[in-house]
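Biologist: Please show me the model and take me through its architecture.

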Amino acid sequence: MRQTRRGFLRRTLGTCWIGGAVLDQAMFRAVRARAQAAANVRLPALFDIERVAEGVYLAVARAQTLINSNAVIIENERDLMIVDTHSKPSAVASLLRQIRDHVSPKPLKYIVASHFHWDHSHGLGTYRRIAPNADLVATETTRRLIGEQTLPRLKASFDQLGASIEDYKQRQGKARTEQERAQWREMITETEDYLREMKTFQLELPNMTLERDLILHDKAHDLHLAFRGRGHTAGDLVVHIPQKKTIATGDLLHGFFPFIGDGFPREWPRTLVAVSGMEFDAVAGGHGAPQRDKRRLYQMGNYIEEVTEAVVRGRAAGRTQAELEASITPSALRTIEDGGFGAASVEAVIKYRRLAPPAPAAVQVLAEAVRTNVTQIYTALDRSA
Ligand SMILES: [Zn+2]
């Protein structure tokens, strides 16, 4: 599969491929060497690059213990825009190697953070060092949140991950099969590598921001960066490429169940409806595979709306959080079955997340995801007031 794609790209890009690639090989090697020296980590391929439309690719993040976001690679006339920057510098270096090997030799011009979360924004500083003249772009709100939240959350995660490693080691000791033991070992190694690498993390803020719209008129296509309301966070940005009928949506719309820990469940469905007004049929989201139509946009909006309504009704009737977590189950929700929303989300989670062994059954993953969403919405309702 990958051989075929590489062959296709080689044929399409022809000789300019080779020449351009050589130009930034030296820079890339230097970054890779720094990432490896700093963290002593290997640089495995962390992504599967899928073509979404002409000149638009989704680097789908493979399962890792510490999750990485996908990246959207947009090939402009003379340069590249990359949407989202993953959880760690070495993931950026790894992606860049894959881009140079399989997508394009063009220079990096715009690096976009769809929102402030760590798994999408920790690589901003790496791009700043690799491409000093590139613009780092986000909404003004996201820039503020990166500034306020990134370092305190990273610091807190160091303690939590230290505890996780101890927990993984205990469970590894009790594992019943060699396969499970190997999985725990991999989780321990990945967590230790991440901690070591992030000890030298340097915060980098976007240098270009927008409140609502920014349109870049590139010769290849327009790039419409837009904020259409709060949802997954207070500052979610989408990148619409009208001529390619494609949109990059970050975590406002992706293949997993929604994460609502910093979200606005009363507003999120409305924001999705506003985004649906843009003309597109391909969606490159922050996690999971690309989507080929708008169906999931409506399914996800309807799901968030249904769970939110159930939580609001339950709270008004005086029921506790625990009671609602017990009663708002997958079978109590109409939207789980709608177009296979629940099943598709479970499948994506199992494929693209590293779940602790032994592998859970699909029904368990579904029940856990819905319970988590009920908890998050219960907590978030006051935030959305
Ligand atoms: Zn994410």
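The exchange below concerns the overall make-up, one sheet and one helix.

Modeller: This is a predicted model, in which local features need pLDDT of at least 70, side-chain atom pairs count only at pLDDT 80 or more, and totals for chains, interfaces and linings use all residues. Residues are numbered from 1 along each chain as its sequence is written.

Biologist: How many strands are there in the protein?

Modeller: Helices (H or I, at least four residues) and strands (E, at least two) are DSSP runs, numbered from the N terminus. Beside 11 helices, the protein has strands numbering 12.

Biologist: Which strands stand at the edges of the open sheet of five strands?

Modeller: Strands pair if DSSP finds at least two bridges between them. The order is β8-β9-β10-β11-β12, with mixed pairing. Two strands each have a single partner strand, so one side of each is left without a neighbour in the sheet: β8 (213-217) and β12 (282-285).

Biologist: Which residue in β9 does Ile 215 stand opposite?

Modeller: β8 and β9 (residues 222-226) run antiparallel and are joined by five bridges. Opposite Ile 215 in β9 stands His 224.

Biologist: Which helices are included in what covers the buried residues of α11?

Modeller: A residue is buried if 20 or more other C-beta atoms, placed from the backbone, lie within 10 Å of its own. In α11 (residues 362-380), the buried residues include Val 365, Leu 366, Ala 369 and Val 370. The cover over the buried residues of α11 includes α8 (295-316), α9 (321-327) and α10 (341-352).

Methods
The expected span of a helix is 1.5 Å times one less than its number of residues. A residue is buried if 20 or more other C-beta atoms lie within 10 Å of its own, exposed if 12 or fewer, and partly exposed in between; C-beta atoms are placed from the backbone. Two residues are in contact if their C-beta atoms, placed from the backbone, lie within 7 Å.
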